[in-house]
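Subject: Structure handover

Hello,

Here is the structure I said I would pass on. My notes on it follow below.

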Amino acid sequence: MSAKPIPHVPPDGESHYFEDPTVRSDPVVVDVTLPDTAFTMETDTGVFSRGHLDAGTTFLLRSEVPLASRGDVLDLGAGSGAIALAMARRSPGATVWALDVNRRARELCRRNAARNHLDNIRVAAPADVPDDVRFTTIWSNPPIRIGKPALHTLLLTWLGRLTDDGTATLVVQKHLGADSLQRWLDSAGHHTDRIASKSGFRLLAVMPAPIGSTTGSAPDD
Ligand SMILES: C[S@@+](CC[C@H](N)C(=O)[O-])C[C@H]1O[C@@H](n2cnc3c(N)ncnc32)[C@H](O)[C@@H]1O
């Protein structure tokens with residue numbers, strides 16, 4: 001079967017944005033050490049950040065950002081699962097949804113949950129999350145390179161599923177538009193604060209849109 005691109009795939013052949021990467025699998029195991037925990041994880045070609053933990057993801061996981069201890073929490077765009085694994089370790093009482101369009105990423109993430117004995121991770125394609133699930137925490141290193149229209153749709157879809165007291169934390173590179181994304185989220189009704197900044201990365205804390213706000217109508221900038 002040929003690889004099926006998701007909308008707005010960039011023209012530079014970044015195959016980890018495809019649902020089914022065609023590049024030959026070539027897995028590499030990496031050790032991830034954080035201040036409070038450590039795990040090993042398999043990474044692969046065709047999936048974001050093969051062979052290392054991405055610098056932005058590292059920044060997010062080393063920052064003390066809020067994480068609910070219970071309920072449903074989300075790693076939006078989980079890749080091989082580093083964020084989901086850390087969430088599951090830190091909040092064993094929560095159900096961690098690891099969401100990705102990329103089938104190879106989902107398979108890796110399932111294997112990584114198993115190899116680290118984390119049974120509170122649910123790996124899913126976007127369509128597999130039941131409509132009534134709401135998230136107390138969302139963490140994401142979002143797929144900026146899918147382009148603004150697709151990214152905005154993706155974010156509004158999942159931010160719209162935060163609980164009333166939930167928070168999302170996004171890590172975004174400044175040169176990939178972190179500041180304009182922050183302004184856009186604000187204008188879409190999601191109050192957004194920059195809570196940290198380091199080495200060209202921003203951490204954005206995003207609140208749920210107030211009930212009755214016109215989420216989704218913000219202009220592209
Ligand atoms: C920047 S990578 C981050 C991967 C991983 N969380 C990490 O930190 O290494 C973004 C991920 O979003 C996924 N993605 C792209 N479009 C998506 C969509 N519409 N829904 C869910 N995931 C998507 C990509 O496949 C990719 O794995």
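What pattern of helices and strands does the protein follow when read along the sequence? The order is β-β-α-β-α-β-α-β-β-α-β-α-β-β, which comes to five helices and nine strands.

Please keep in mind that this is a predicted model. The average pLDDT is 91, and 88% of the residues score at least 70. Residues 1–13 have a pLDDT below 50; in the model this stretch has 22 contacts beyond near neighbours in sequence.

Overall figures

The protein has 221 residues, and 52% of them are buried. Its accessible surface is about 10200 Å², with 51% of that belonging to carbon and sulfur atoms. Taking contacts between residues at least 6 apart in sequence, 67% join residues at least 24 apart.

The two hairpins

Strand β1 covers residues 28–33 and strand β2 covers residues 38–43; they pair in the antiparallel sense over six bridges. Four residues lie between the two strands of this hairpin. One of the bridges can be located by its partners: D31 is matched with T40 in β2.

β8 and β9 form a hairpin too, with two residues between them. These strands run antiparallel and are joined by six bridges. T192 has V206 in β9 as its bridge partner. In the turn, S199 has a positive phi of about 50°.

R104 and the segment around S25

R104 is in helix α3, which spans residues 103–115. Is R104 buried or exposed? Its relative accessibility is 15%, so R104 counts as buried, the limit being under 20%. Setting aside residues up to four places away in sequence, R104 touches E19, P21, V23, R24, S25, D44, T45, G46 and V47. For one of these residues, S25, there is also a C-alpha separation: 8.9 Å from R104, although the two are 79 residues apart along the chain.

Strand β6: T137 and F135

T137 sits in strand β6, residues 135–140. With 3% relative accessibility, T137 counts as buried. Which backbone atom does the side chain of T137 reach? It reaches the backbone nitrogen of A68, at 2.9 Å. A68 is also among the contacts of T137 outside its neighbours within four places in sequence; the others are P66, L67, D72, V73, L74, M87 and T167.

The count of aromatic pairs comes to one. That pair is F135 with W158, and its geometry is tilted, with 6.2 Å from centre to centre and 55° between the planes. It links distant parts of the chain, since F135 belongs to strand β6 and W158 to helix α4, 23 residues apart. Both partners are under cover: F135 is buried at a relative accessible area of 0%, and W158 is buried at 5%.

The β6–α4 loop and helix α5

I144 is placed in the loop between β6 and α4. Despite its loop position, I144 is buried, with a relative accessible area of 16%. Its C-alpha atom is separated by 9.7 Å from that of L181, which is 37 residues away along the chain.

L181 is one of the buried residues of helix α5. How many of the ten residues of α5, residues 178–187, are buried? Seven are, and the helix is mostly covered. The buried residues are A178, D179, S180, L181, Q182, W184 and L185. As background, an α-helix has 3.6 residues a turn, so residues three or four places apart point the same way. What do the buried residues of α5 pack against? They pack against α4 (148–159), β7 (162–173), β8 (192–198) and β9 (201–206). This brings in the helix that holds W158 and the two strands of the second hairpin described above. Just after α5, G189 takes a positive phi of about 100°.

If you want places to start viewing, I suggest the F135 and W158 pair, the T137 side chain with the backbone nitrogen of A68, and the buried residues of α5.

Regards

Methods:
Residues are numbered from 1 along each chain as its sequence is written. This is a predicted model: local features need pLDDT of at least 70, side-chain atom pairs count only at pLDDT 80 or more; totals for chains, interfaces and linings use all residues. Side-chain values use heavy atoms; hydrogens and water are left out. Buried means under 20% relative accessible area, exposed over 50%, partly exposed in between (1.4 Å probe, protein chains only). A polar contact is a pair of N or O atoms within 3.5 Å; within protein, one must be able to donate a hydrogen and the other to accept it, and residues adjacent in sequence count only if both atoms are side-chain atoms. Contact means heavy atoms within 4.5 Å. Two strands pair if DSSP finds at least two bridges between them. Rings of Phe, Tyr and Trp (its six-membered ring) pair if their centres lie within 6.5 Å; planes under 30 degrees apart count as stacked, over 60 as edge-to-face and the rest as tilted. Accessible areas come from the Shrake-Rupley method with a 1.4 Å probe; for residues, only the protein chains shown count as cover. pLDDT is the predictor's confidence in each residue, from 0 to 100.
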